[in-house]
Amino acid sequence: MGFASAWLKERTLFPQLINEAPSGDTGIITIVPSYNETGITCMLDSLSRCLRSSCGTEVIIVVNAPPGADEESRLNNKLTINNIEKWKND
C-alpha cells in the first residue's frame, strides 16, 4: 500500500471498481472519461499506433453519465462499451 492508501480509503465516495492490480512493469496509466462517445475506438486506434514505451501501459476508460442523462446518451454509452469490447478482441 502507498503512503496515502489508508487516508484515501477512509474518504472514498464510491466503491472500488477495479479489483486487479496493474502489472509490475506498469509505468503509465491513462484515464479517459467517456460520455456519449460513440467514436471511442478512434482514440484507441490512435493510442495503439504510438511508440511503445519501455514500461507497461494501461488505459482505463470510465464510461459514465450524469443524473438525468437522456435515453439516447445512455444507449450511446452502451454502444461505446460494446465497441470497446469488440476493439479489445480484434
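**Exercise 1.** Determine how the residues lining the largest pocket divide into nonpolar, polar and charged.

*Solution.* In this predicted model, local features need pLDDT of at least 70 and side-chain atom pairs count only at pLDDT 80 or more, while totals for chains, interfaces and linings use all residues. Residues are numbered from 1 along each chain as its sequence is written, and side-chain values use heavy atoms, with hydrogens and water left out. A pocket is an open set of points on a 1 Å grid over the protein atoms alone, where a 1.4 Å probe fits, with protein on both sides within 12 Å along at least five of seven lines, and lining residues have an atom within 4 Å of a point. The largest pocket has 20 lining residues, and Leu44, Leu47, Glu58, Val59 and Trp87 lie nearest its centre. Two or more lining residues come from each of β1 (26-34), α2 (40-48), β2 (56-63) and α3 (71-89). The lining divides into 12 nonpolar, four polar and four charged residues.

**Exercise 2.** Establish on which side of α2 its buried residues lie.

*Solution.* Buried (under 20% relative accessible area, 1.4 Å probe, protein chains only) applies in α2 to Ile40, Thr41 and Leu44. These residues cover an arc of only 95 degrees around the axis, which puts them on the same side of α2. Their cover includes β1, β2 and α3.

**Exercise 3.** Explain why cysteine 55 has no bond to the closest cysteine sulfur.

*Solution.* A disulfide requires a pair of cysteine sulfur atoms within 2.5 Å. The closest cysteine sulfur, in cysteine 50, is 13 Å from that of cysteine 55 and therefore too far for a bond.

Technical notes:
Helices (H or I, at least four residues) and strands (E, at least two) are DSSP runs, numbered from the N terminus. Ala, Val, Leu, Ile, Met, Phe, Trp, Tyr, Cys and Pro count as nonpolar, Asp, Glu, Lys and Arg as charged, and the others, Gly among them, as polar. Buried means under 20% relative accessible area, exposed over 50%, partly exposed in between (1.4 Å probe, protein chains only). The arc is that of the directions from the helix axis to the C-beta atoms. Contact means heavy atoms within 4.5 Å.
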